[in-house]
Amino acid sequence: MQLHLSSWPEIDAYLQTSKAILIPIGSTEQHGPIGLLGTDALCPEIIARRAGDEAGFLIGPTFNVGQSQHHMGFAGTITLRPSTMIACMTDWAGSLRRHGFERIYWLNGHGGNASTINAAITAIYHEVTFGGSGHNAPPLRCMSRNWWELSGITALIRDLFPNGEGCHATPSEISITRFAFPDLQKRADISPKVAPTGPIFDAEDFRRRYPDGRMGSDPTLANAQAGEKLVTAAVKALISEFRTFAAA
Ligand SMILES: [Zn+2]
């Protein structure tokens with residue numbers, strides 16, 4: 001069940017059965033020469049929508065722009081200031097809480113978002129405390145999880161891609177988008193086969209260190225079969241974790 005494909009009476013009815021919603025959250029940023037700009041938003045969206053369909057829980061609209069300052073040296077990247085992202089997430093949560101949601105699970109697809117998501121959850125809790133409704137306010141709990149940290153996924157990635165996984169424009173995430181969008185296979189001459197690794201500073205420095213946008217990865221290893229395995233395992237783990245969170 002997806003919020004943006006539902007009517008308000010359907011959301012009213014859902015709230016009679018559950019106060020929990022799952023929001024995919026990611027970014028719009030370069031993913032090397034063959035990765036889609038939407039990869040980090042698409043991966044959690046693909047996993048979340050399948051989990052929602054299988055288990056009958058509600059999936060919110062994807063929060064699809066995040067913390068991508070260091071990718072701004074590459075065309076197409078869109079980024080939010082941390083303060084903007086915190087303000088937007090707080091307003092999303094405030095809107096949902098106003099309708100009676102009490103559990104918000106953010107499934108994240110971009111490692112660079114993690115610290116800002118945690119700050120936003122702190123801001124959301126402040127909003128509850130300072131909101132004037134005091135101890136009578138309904139309880140609100142948030143949690144966030146990176147999709148690759150769902151139970152069993154790190155080990156599966158290690159099995160599928162023992163070499164060349166790297167940490168940006170990885171074959172695992174690109175496999176998921178290839179599985180979901182088989183017609184969107186991009187091709188490019190990639191050299192060196194495995195990209196360099198190193199630190200992340202700002203956008204100009206990033207482009208100098210990582211000229212084609214990859215970090216430590218060989219995305220030519222990506223394939224739809226691996227993507228299907230990752231999605232199947234992640235959906236199973238997500239259903240279990242979301243159910244526990246929703247019931248707590
Ligand atoms: Zn990514």
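Me: Which residues do ring pairs link into a cluster in this predicted model?
Reply: Happy to start there. A search of the whole structure of this predicted model turns up eight aromatic pairs. Some ring pairs join up into a cluster, and its members are F57, Y105, F242 and F245.

Me: How are the planes of Y105 and F242 arranged, and what is the angle between them?
Reply: The ring centres of Y105 and F242 are 5.8 Å apart, and the pair is edge-to-face. Planes over 60 degrees apart count as edge-to-face. For Y105 and F242 the angle between the planes is 65°.

Me: How many residues apart in sequence are the parts that the pair of Y105 and F242 ties together?
Reply: Y105 belongs to strand 3 (residues 103-108), while F242 belongs to helix 8 (residues 224-247). The pair therefore ties together parts whose separation in sequence is 137 residues.

Me: Is F242 buried or exposed, and at what relative accessibility?
Reply: Under 20% relative accessible area is what buried means here. Y105 counts as buried because its relative accessibility is 0%. F242 counts as buried too, at a relative accessibility of 2%.

Me: What is the angle between the planes of Y105 and F245?
Reply: Y105 in strand 3 and F245 in helix 8 are 140 residues apart, so this pair links distant parts of the chain. Both Y105 and F245 are buried. Their ring centres are 5.9 Å apart, and the pair is edge-to-face because the planes stand at 70°.

Me: Which residues are the protein donors of the zinc ion?
Reply: Let's move to the metal. The donor residues follow the spacing H-x8-D-x132-E in sequence. Their donor atoms, NE2, OD and OE, lie 1.9 to 2.2 Å from the zinc ion. In that order, the residues are H31, D40 and E173.

Me: Where in the chain are H31 and E173, and how many residues apart are they?
Reply: H31 sits in the loop between strand 1 (20-25) and helix 2 (39-55), and E173 in helix 6 (residues 171-180). Both residues are buried. This pair links distant parts of the chain, with H31 and E173 separated by 142 residues.

Me: Which helices do the buried residues of helix 6 pack against?
Reply: Helix 6 is mostly covered, with nine of its ten residues buried. Among the buried ones are P171, E173, I176 and F179. The buried residues of helix 6 pack against three partners: helix 2, helix 5 (153-160) and helix 8.

Me: Are helix 5 and helix 8 roughly parallel or roughly antiparallel to each other?
Reply: The contact between helix 5 and helix 8 involves I153, L156, I157 and L160 on the helix 5 side, and A226, K229, L230, A233 and A234 on the helix 8 side. Helix 5 passes helix 8 in a right-handed crossing. Their axes come within 10 Å and cross at roughly 165°. Angles over 145 degrees count as roughly antiparallel, so helix 5 and helix 8 are roughly antiparallel.

Me: What is helix 2 relative to helix 8, given how their axes cross?
Reply: The axes of helix 2 and helix 8 come within 9 Å and cross at roughly 60°. The contact includes I46, I47 and A51 of helix 2, and V231, V235 and L238 of helix 8. Helix 2 passes helix 8 in a right-handed crossing. The crossing angle makes helix 2 oblique.

Me: Which residues is Q2 in contact with, leaving aside its neighbours within four places in sequence?
Reply: Q2 lies in the segment before helix 1 (8-17). Q2 counts as buried because its relative accessible area is 15%. Its contacts, leaving aside neighbours within four places in sequence, are R49, L58 and I59.

Me: Which residues is D202 in contact with, leaving aside its neighbours within four places in sequence?
Reply: D202 is found in the loop between helix 6 and helix 7 (203-209). D202 counts as partly exposed because its relative accessibility is 35%. Leaving aside neighbours within four places in sequence, D202 is in contact with Q69 and H70.

Me: What is omega of the cis peptide bond that joins S191 and P192?
Reply: One for the backbone enthusiasts. P192 is in the loop between helix 6 and helix 7. The cis peptide bond joining S191 and P192 has an omega of about -5°.

Key
Residues numbered from 1 in each chain as written. Predicted model: local features only at pLDDT ≥ 70, side-chain atom pairs only at ≥ 80, totals over all residues. Heavy atoms only, no water. Donors = N, O, S within 2.8 Å, 3.2 Å for Na, K, Ca; no water. Helix = DSSP H or I, 4+ residues; strand = E, 2+ residues; numbered from the N terminus. Buried < 20%, exposed > 50% of the residue type's maximum accessible area, 1.4 Å probe, protein only. Phe/Tyr/Trp six-rings, centres within 6.5 Å; stacked < 30°, edge-to-face > 60°. Contact = heavy atoms within 4.5 Å. Axes fitted to C-alpha atoms, helices over the stretch in contact; angles between N-to-C directions. Parallel < 35°, antiparallel > 145°, perpendicular 65-115°, else oblique. Left-handed = near helix turned anticlockwise from the far one by under 90°.
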